[in-house]
Amino acid sequence: MTNDLKESFSADSPPAPAALAAKVRTLAPSMTRSMQRVAEAVAGDPAGCAALTVTGLAELTGTSEATVVRTARLLGYPGYRDLRLALAGLAAHQQSGRAPAVTADIAVDDPIADVVAKLAYDEQQTLADTAAGLDTVQLGAAVAAAATARRIDIYGVGASSLVGQDLAQKLSRIGLIAHSHMDPHLAVTNAVQLRSGDVAIAITHSGSTGDVIEPLRVAFDRGATTVAITGRPDGPVTQYADHVLTTSTARESELRPAAMSSRTSQLLVVDCLFIGVAQRTYETAAPALAASYEALAHRHNPRTR
C-alpha cells in the first residue's frame, strides 16, 4: 500500500476517539521527535489539548503549527479541528469512569504474583490496542483474497515465524493449501512460483525485516495478492503489500522484549484472518475441520482405535 493511499484512506475514515491512544502507541516509534511530543501530549491530556488552538498546542509542545497538523494527519485526521473533536470525545470517555491506560514495567525482583498481574494487564492492553487500530476494510479484503486463493505462502522469522506456522496449520485444517516459510532462501524460491490468484502474507513487527520483505517483493512482482502484518504501517514491507494489517506496538522493557507483545497482537490478527476465511468457506471448511478432528481422535483416546 502506498503512502498516498494510506493517507487518503485515513483522511476518509478518522479513528474513533477511543482508538486515539492506541493509534498514538502504534505510530509513535515511526514519528519524528517533534511529532512524538505532540502525540504524547494529546494522548496524555486529551481534555487539556482539546481546549487549545493549533498555535497553543504548538507552543505547549515546543513545536510548530505545521508539525501539529502533520501529526494530526498521521494519526488519521483530515486536520487539527478533527483531532480536537476526537480529543474532546476521548476526554468525555475517560471522565465517564474508565481509568486511563497505564503500563508497569516488570522489575527483576517482582514477586511472581506481580509478574502474572502485570503481564496479564499488558497482554489485555496489547489486544485492545490492536483491535482498536485494526483496519477492518483491509482485513476484509485480505480475507476475500485468502478464501479463494489457489495457494497461500506465509513469511516470518524469529517470533513471527511461530505466528506464521500457527496460521498455516489453521488454514490447512480447513482444506486450504498454506505453507509457512521460515528459511529465507526457501521463502524466495517458493515466492517465484506464485502468480495471480495466490496470496503471500508477510509477518514482521518492525516492518523492515529483509528476510521477510524479499519474498513478499518477489510475490508482489509475480502478481500474487500480498498482505503485510506489521507494527509499522509506514515500514518498508508495506511498499509491496496490497493490504496492510497493523498490530499494536507495546512499550519494550528489559524483561519483556518487543517479541512478546508483537506475538500477542499478531496472533489476534491471524486469528481474525482465519475466522474470516472459515466463515467465507464454511461449506468446505466445516467438513474439513470435522475430518481433521476425527483423524486425530484416536491420539487423544488410544482405546478408541
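How many salt bridges does the count come to? The count comes to seven salt bridges. They are read from a predicted model. The overall fold is described below, followed by individual pairs, the nonpolar cores and a few single residues.

The protein chain has a mean pLDDT of 84. A pLDDT of 70 or more is reached by 84% of its residues. Two stretches fall below 50. Over residues 1-12 the pLDDT is below 50, and this stretch has 14 contacts in the model beyond near neighbours in sequence. Residues 99-103 also stay under 50. For residues 99-103 the model has eight contacts beyond four places in sequence. Where pLDDT is low, the predicted coordinates should not be read in detail.

The protein chain contains 14 helices and five strands. Of its 305 residues, 44% are buried. Contacts between residues at least 6 apart in sequence were also sorted by separation: 72% of them join residues at least 24 apart. The exposed surface of the protein chain is about 14900 Å². Carbon and sulfur atoms supply 56% of that surface.

One of the salt bridges pairs Asp198 with Arg150. Their closest N and O atoms are 2.8 Å apart. This pair links distant parts of the chain, with the two positions 48 residues apart in sequence numbering. Asp198 sits in the loop between helix 11 (184-191) and strand 3 (199-204). Arg150 sits in the loop between helix 9 (136-147) and strand 1 (152-155). The partners differ in burial. Asp198 has a relative accessible area of 0%, so it counts as buried. Arg150 is partly exposed, because its relative accessibility is 37%.

Helix 12 holds two further salt bridges, one between Glu214 and Arg217 and one between Asp221 and Arg217. Glu214 meets Arg217 at 2.7 Å, N to O. These two residues lie three apart in helix 12 (residues 210-221), about one turn of the helix. Asp221 also bridges to Arg217, with the closest N and O atoms 2.9 Å apart. Here the spacing is four residues, again about one turn of the helix. Glu214 is partly exposed, with a relative accessible area of 34%. Arg217 is partly exposed as well, at 26% relative accessibility. Asp221 reaches 52%, so it counts as exposed. Elsewhere, salt bridges that share partners join Asp166, Lys170 and Asp271 into one network.

Asp166 of this network lies in helix 10 (residues 159-173). Asp166 counts as buried because its relative accessibility is 19%, and the cut-off for buried is under 20%. Beyond its neighbours within four places in sequence, Asp166 contacts Leu267, Val270 and Asp271.

The largest nonpolar core has 30 residues. The residues with the most contacts inside this core are Ile152, Leu167, Leu171, Ile174, Ile201 and Val277. At least two core residues come from each of helix 9, strand 1, helix 10, strand 3, strand 4 (225-230) and helix 13 (258-280). Ile152 shows how such a residue is surrounded. Leaving aside neighbours within four places in sequence, Ile152 is in contact with Ala146, Leu171, Leu176, Ile177, Ala178, His179, Val199 and Ile201. Another core lies apart from the largest one. This other core has 22 residues, among them Met35, Val38, Ala72 and Leu90.

The structure holds zero disulfides. Two cysteines were examined for burial. Cys49 is buried, with a relative accessible area of 1%. Cys272 is partly exposed, at 29% relative accessibility.

Pro287 is placed in helix 14 (residues 282-300). Its relative accessibility is 47%, so Pro287 counts as partly exposed. Pro287 and Gly175 are 112 residues apart in sequence. In space, their C-alpha atoms are 9.0 Å apart.

Technical notes
Residues numbered from 1 in each chain as written. Predicted model: local features only at pLDDT ≥ 70, side-chain atom pairs only at ≥ 80, totals over all residues. Heavy atoms only, no water. pLDDT = per-residue confidence, 0-100. Contact = heavy atoms within 4.5 Å. Buried < 20%, exposed > 50% of the residue type's maximum accessible area, 1.4 Å probe, protein only. Areas by Shrake-Rupley, 256 points an atom, 1.4 Å probe, with all protein chains shown as cover. Salt bridge = Lys/Arg side-chain N within 4 Å of Asp/Glu carboxyl O. Disulfide = S-S within 2.5 Å. Core = buried A, V, L, I, M, F, W, Y, C linked by side-chain atoms within 4.5 Å.
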